[in-house]
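Me: Please take a close look at one part of this structure: the aromatic rings and the elements around them. Which pairs and packing arrangements should I examine there?

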Amino acid sequence: MDEFEAVTEEVAARVVPDDAERGRLARTAARVVADAEAAAADLPVEADVVQVGSTARGTWVSGDRDIDVFVRFPPELPRRELERYGLAVGRAVLPDGHEEYAEHPYVKGTREGFEVDLVPCYAVEDATAIQSAVDRTPFHTAYLTERLDDDSAREVVLTKAFLKGVGVYGSDLRTRGFSGYLTELLVLGYGGFRAFLEAARDWHPPVELDPEGHAARGFDDPLVVVDPTDPERNVAAVLSVGNVARLVHHARAFLDEPRAEAFEPRDPEPLDADAMAAHLERRGTTPFAVRFPAPDLVDDQLYPQLEKSLSGVVGELDRRGFDVLRAATFADETAVLFVECEVAERPRIARHEGPPVWVGRHATGFYDKYADGDAYGPFVDGERYVVERERGRATAREWLESDDLLGVSLGVAVEEALRDGYEVLEGRETTALAAEFGVELARYFDPRP
């Protein structure tokens, strides 16, 4: 047994569910499915019930306690009726549960210590005929169940534990990492955890895998894994290029030096205001934070809007010469667009170049526009007319506090929140963020792959 095998054997004993855990989950899942079938039988439409997800396939990491049960309705059923009947089944099975919303509402609750999702979907003929994004999930379960055995399921669990440990697991739009289904396809495609890491170590995007050899179109993503149940879909579409790069780094590091610690997520100690101030002193930059009440959205709706808004702010600050070194966005009770500028203040005047003097009408037009104004010039510098005119906003704070901020590309809900009011923190003022975002700031000021 080499070092890799020794480490994975040690980790497997901890992360692969044992028979007792599997038995407890199977018994609870069976009762949930039976109750859902009984509730569905009372509906005025036909419906069947199926367990899906990693706990249906035996590929969950020990300690995860999620049971996903889908209620499938006829494709011709109107969406409003599907939602109504689906919620009725969910409430019957999980009377103490609550509604959540993805593409449509579903019921989430607990049974015997397990988290249970009761989700309605359409019983379409195949995954290419979906009417709702969740309709393809039962096809994923069926495809993988046929191909996974105990050995490959163990390899999947190890891989998921590794991806969690290095921080790239989860297909939510905040993480943009590897989904469970994607992980299972990669392990099956490469032939195990070790083979997957050995392949990933040498990845050079774009990387493409097509398990069924049936891709119906091209994809423009760093990693492409064509869905075996839908030739039009890339299972890895949500995965960010940064998380692909992080996997490559950690695959190399683990293969070079296998360590059990790689499977343990690193949750840094929260940064306090004094520690953050010390970082700012050392860095010599000027951070700014635009802080506002967080819009009432689920993370998968909120974070894309925050990222879009951050990109718009960073782009405009760069264009105005404030040179953003790095930026991040955080959200809890409040939301923050955090930008760290190399330059906080520019001169009150800015150089504005016109056309070459000999470009006739255009050159004359430029000269006439500024000839009687307050700008310095126009004068000839080299071959061009040039003026030095007053800069619109000389400091980054001045721009962030102005209505100009609302003119950049922002998420709809973020723009609405900003219109209702926000505050701008500058320099050491930003250390006030540590009380709410200590962990996020610890990650920001101590970045790791």
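Reply:
**Aromatic rings and the helix beside them**

Arg326 places its charged end over the ring of Tyr444, 4.0 Å from the ring centre. A charge is said to sit over a ring when NZ of Lys or CZ of Arg is within 6 Å of the ring centre and within 35 degrees of the ring normal. The model is a predicted one: local features need pLDDT of at least 70, side-chain atom pairs count only at pLDDT 80 or more, and totals for chains, interfaces and linings use all residues. Residues are numbered from 1 along each chain as its sequence is written, and side-chain values use heavy atoms, with hydrogens and water left out.

A second such charge belongs to Arg194, whose charged end sits over the ring of Phe4 at 4.4 Å from its centre. Phe4 also takes part in ring pairing, and the structure holds 18 aromatic pairs. The ring of Phe4 pairs with that of Phe254: the centres are 5.5 Å apart and the planes lie at 75°, so the arrangement is edge-to-face. Phe4 is in helix α1 and Phe254 in helix α9, so that the pair links distant parts of the chain, 250 residues apart. Both Phe4 and Phe254 are buried.

Tyr444, for its part, pairs with Phe445; the ring centres are 4.9 Å apart and the planes at 80°, so this pair is likewise edge-to-face. Tyr444 and Phe445 are both buried.

The terms used here are as follows. Rings of Phe, Tyr and Trp (its six-membered ring) pair if their centres lie within 6.5 Å; planes under 30 degrees apart count as stacked, over 60 as edge-to-face and the rest as tilted. Buried means under 20% relative accessible area, exposed over 50%, and partly exposed in between, with a 1.4 Å probe and protein chains only. Helices (H or I, at least four residues) and strands (E, at least two) are DSSP runs, numbered from the N terminus.

The pairing of Phe4 extends further, since ring pairs link Phe4, Phe162, Phe193, Phe254 and Phe263 into a cluster. One of these, Phe193, is in helix α8, where Phe193, Phe196, Leu197 and Ala200 are buried. These four residues cover an arc of only 95° around the axis (the arc of the directions from the helix axis to the C-beta atoms), which puts them on the same side of α8. An α-helix has 3.6 residues a turn, so residues three or four places apart point the same way. The buried residues of α8 pack against α1 (3-15), α6, α7 and α9 (241-256); contact means heavy atoms within 4.5 Å.

Two backbone details adjoin this group of helices. Most residues other than glycine have a negative phi, and most peptide bonds are trans. Between α6 (150-165) and α7 (180-190), the loop contains Arg176, whose phi is near 55°, a positive value in a residue other than glycine. Arg176 is partly exposed, with a relative accessible area of 37%. The loop between α8 (193-200) and β6 (207-209) contains Pro206, which is joined to Pro205 by a cis peptide bond with omega of about 5°.
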